[in-house]
Amino acid sequence: MSRPNSSRTKAFFRAFRHIVMGLILIFFGIIVAYYQHFGTIELSNITSYALAGIMVLYGLFRIWRGTKEFRGDETDDFIT
């Protein structure tokens, strides 16, 4: 079924937002893994790598979800 034009536009911007947020999360994940200290807060190696891993994985999930929505695949209601 084809969606109305405004619905397609909203879906496009939602997919674009997912992709951009995924890229931002991956970027910050790399920064957290590399620097390991921010001002007065210093993270241990395990903490910084775990946090960076979670951020990168969630960023990849957001990119996957954005590309899936951009292609027009149906998404489950509980994920959106």
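Hi everyone, let's start inside a helix: Leu-51 is found in helix H2. This is a predicted model, so please keep that in mind throughout. Leu-51 is partly exposed, with a relative accessible area of 38%. If you'd like a distance to check on your own screen, take the C-alpha atoms of Leu-51 and Phe-28, which are separated by 10.0 Å. Those two residues are 23 apart along the chain.

Now let me step back to the whole chain. What elements does the chain have? Two helices and two strands. Starting at the N terminus, their order is α-β-β-α. Of the 80 residues in the chain, 21% are buried. As for the surface, the chain exposes about 6,200 Å², and carbon and sulfur atoms supply 67% of that area. One more overall number for the contact-map fans: take the contacts with a separation of 6 or more, and residues 24 or more positions apart account for 62% of them.

On to the helices, beginning with H1. Helix H1 covers residues 5-35. H1 has 31 residues, and from its first C-alpha to its last it reaches 45 Å, close to the 45 Å expected at 1.5 Å a residue. Which residues of H1 are buried? They are Ala-11, Ala-15, His-18, Gly-22, Leu-25, Ile-26, Gly-29 and Val-32. The cover over these buried residues includes H2 and strand S1, residues 37-38. Just after H1, Gln-36 has a positive phi of about 65°.

Helix H2, where we started, spans residues 45-71. H2 counts 27 residues and reaches 39 Å between its first and last C-alpha, close to the 39 Å expected at 1.5 Å a residue. Its buried residues are Ser-48, Ala-52, Met-55, Gly-59, Arg-62, Arg-65, Gly-66 and Glu-69. And what do the buried residues of H2 pack against? They pack against H1. There is a positive phi just after this helix too: Gly-72 takes one of about 95°.

I'd like to stay with one name from that list, Glu-69. Is Glu-69 buried or exposed? At 7% relative accessibility, against a limit of 20% for buried residues, Glu-69 counts as buried. Leaving aside neighbours within four places in sequence, Glu-69 is in contact with Ala-11, Arg-14, Ala-15 and His-18. Among these, Ala-11, Ala-15 and His-18 are buried residues of H1.

Arg-14 deserves its own moment. A search of the whole structure turns up one salt bridge, and its partners are Glu-69 and Arg-14, with the closest N and O atoms 2.9 Å apart. The pair links distant parts of the chain, because Glu-69 is in helix H2 and Arg-14 is in helix H1, 55 residues apart. The two side chains also make a polar contact, at 2.9 Å. Arg-14 is partly exposed, with a relative accessible area of 31%, whereas Glu-69 is buried.

Last topic: the aromatics. How many aromatic pairs are there? The count comes to seven. One of them is Phe-12 with Phe-70, a tilted pair with 5.6 Å centre to centre and 50° between the planes. This pair also joins distant parts of the chain: Phe-12 is in helix H1 and Phe-70 in helix H2, 58 residues apart. Phe-12 counts as partly exposed at 39% relative accessibility, and Phe-70 counts as exposed at 52%.

A second tilted pair is Phe-61 with Trp-64, whose ring centres are 5.9 Å apart and whose planes meet at 35°. Why is this pair called tilted? Because its planes are at 35°, between the 30 degrees that limits stacked pairs and the 60 beyond which pairs are edge-to-face. Phe-61 and Trp-64 are three residues apart in helix H2, so about one helical turn separates them. Both rings belong to partly exposed residues, with Phe-61 at 31% and Trp-64 at 44%. Finally, Phe-12, Phe-13, Phe-16 and Phe-70 form one aromatic cluster.

To recap: the buried residues of H2 pack against H1, and the salt bridge of Glu-69 with Arg-14 and the aromatic pair of Phe-12 with Phe-70 are worth a look on your screens. Thanks, everyone!

Methods. Residues numbered from 1 in each chain as written. Predicted model: local features only at pLDDT ≥ 70, side-chain atom pairs only at ≥ 80, totals over all residues. Heavy atoms only, no water. Salt bridge = Lys/Arg side-chain N within 4 Å of Asp/Glu carboxyl O. Helix = DSSP H or I, 4+ residues; strand = E, 2+ residues; numbered from the N terminus. Buried < 20%, exposed > 50% of the residue type's maximum accessible area, 1.4 Å probe, protein only. Contact = heavy atoms within 4.5 Å. Areas by Shrake-Rupley, 256 points an atom, 1.4 Å probe, with all protein chains shown as cover. Expected span 1.5 Å × (residues − 1). Phe/Tyr/Trp six-rings, centres within 6.5 Å; stacked < 30°, edge-to-face > 60°. Polar contact = N/O pair within 3.5 Å; in protein donor to acceptor, adjacent residues only side chain to side chain.
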